[in-house]
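Got a minute to look over a fold before you set anything up? Here's a quick briefing to read alongside the coordinates.

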Amino acid sequence: MKRNSPLLLLLLSLSLAGCTLTQPRPPLPTPAEVTLPPPPAIVELPPPPPPDEVGPLLSYHQQLRKMTQGDMLKELSGLGLQQRSPRVAVQMGMVLMLTRGNGDLARAQALLDSVATATETEAQPFKALAQLLSSNCAETRRLAEHADKLAIQQKDSQRRIDQLNEMLEGLKTIERTLPARPAPGPQAVIK
């Protein structure tokens, strides 16, 4: 039997191995028995922030302040060729605020007011900046008018000073042409 033992062992191990391979699988669940995991909760992300429209305009303003009057006039003519938009209107207003030509502040304020009061959605990012710049224009115009009034008053005052100096010189001339007064004599003492 010892001869058949290895063969017997082999047969026995194969039969045991076959039993483990041919074990029945558990039955598949029916669709009613299948429970699906709940869907993941939908998390609403906040909308992305709108693109910053004002930051580049503030940088643009700083560039304008470094320009010469001639460069600003070229910039203004280039902006005039562009299609009208709230952004271009604010840029033109910024240039006109700095050129300070005759009527430029009024034109700048009108452009900025048109953006500040616009109802278009395209103008929304620029409204607060336009209001700020418009009020700056109004204040600058008020100060310029006040300075003009003071300059006129100063000219009037200087003209009056000159007239009074002429009158004083005339009186001095008249005084020099008058005969000299006699010196007062000793007065009698009354007792």
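What follows runs from the overall fold to one helix, one residue and one pocket. Keep in mind that this is a predicted model.

**Overall fold**
- The protein has six helices and zero strands, so its pattern along the sequence reads simply as α-α-α-α-α-α.
- There are 191 residues in the protein, and buried ones make up 19% of them.
- Take the contacts with a separation of 6 or more: 56% of them link residues 24 or more positions apart.

**Helix H2 and its buried face**
- H2 covers residues 54-65, and its 12 residues should span 16 Å at 1.5 Å a residue. The C-alpha atoms at its ends sit 17 Å apart, which agrees with that.
- Which residues of H2 are buried? They are Leu57, Tyr60, His61 and Leu64.
- Looking down the axis of H2, you'd find those buried residues within an arc of 105°, so they line one face of the helix.
- As for what covers the buried residues of H2, the list includes helix H3 (69-81), H4 and helix H6 (127-177).

**Gln91, over on H4**
- Gln91 belongs to helix H4, which takes in residues 86-99.
- Is Gln91 buried or exposed? Its relative accessibility is 11%, and the cut-off for buried is under 20%, so Gln91 counts as buried.
- Skip the neighbours within four places in sequence, and Gln91 is in contact with Leu57, Tyr60 and Leu79.
- Two of those names should ring a bell: Leu57 and Tyr60 are among the buried residues of H2.

**The largest pocket**
- Its volume comes to about 190 Å³.
- Which residues line the largest pocket? Going along the sequence, they are Arg100, Gly101, Asn102, Gly103, Leu105, Ala106, Thr140, Arg141, Ala144, Glu145 and Asp148.
- Helix H5 (104-116) and H6 are the elements that give two or more residues to this lining.
- H6 supplies the largest share of the lining, with five residues.
- By type, the lining of the largest pocket splits into three nonpolar, four polar and four charged residues.

**One thread to pull**
- H6 turns up twice here: it is among the elements that cover the buried residues of H2, and it also gives the largest pocket five of its lining residues.

Note on methods: Residues numbered from 1 in each chain as written. Predicted model: local features only at pLDDT ≥ 70, side-chain atom pairs only at ≥ 80, totals over all residues. Heavy atoms only, no water. Helix = DSSP H or I, 4+ residues; strand = E, 2+ residues; numbered from the N terminus. Buried < 20%, exposed > 50% of the residue type's maximum accessible area, 1.4 Å probe, protein only. Contact = heavy atoms within 4.5 Å. Expected span 1.5 Å × (residues − 1). Arc of directions from axis to C-beta. 1 Å grid on protein atoms, 1.4 Å probe; cavity = no way out; pocket = protein on both sides within 12 Å on 5 of 7 lines; lining within 4 Å. Points joined across faces, edges and corners; volume = space filled by probe spheres on them. Nonpolar A, V, L, I, M, F, W, Y, C, P; charged D, E, K, R; others polar.
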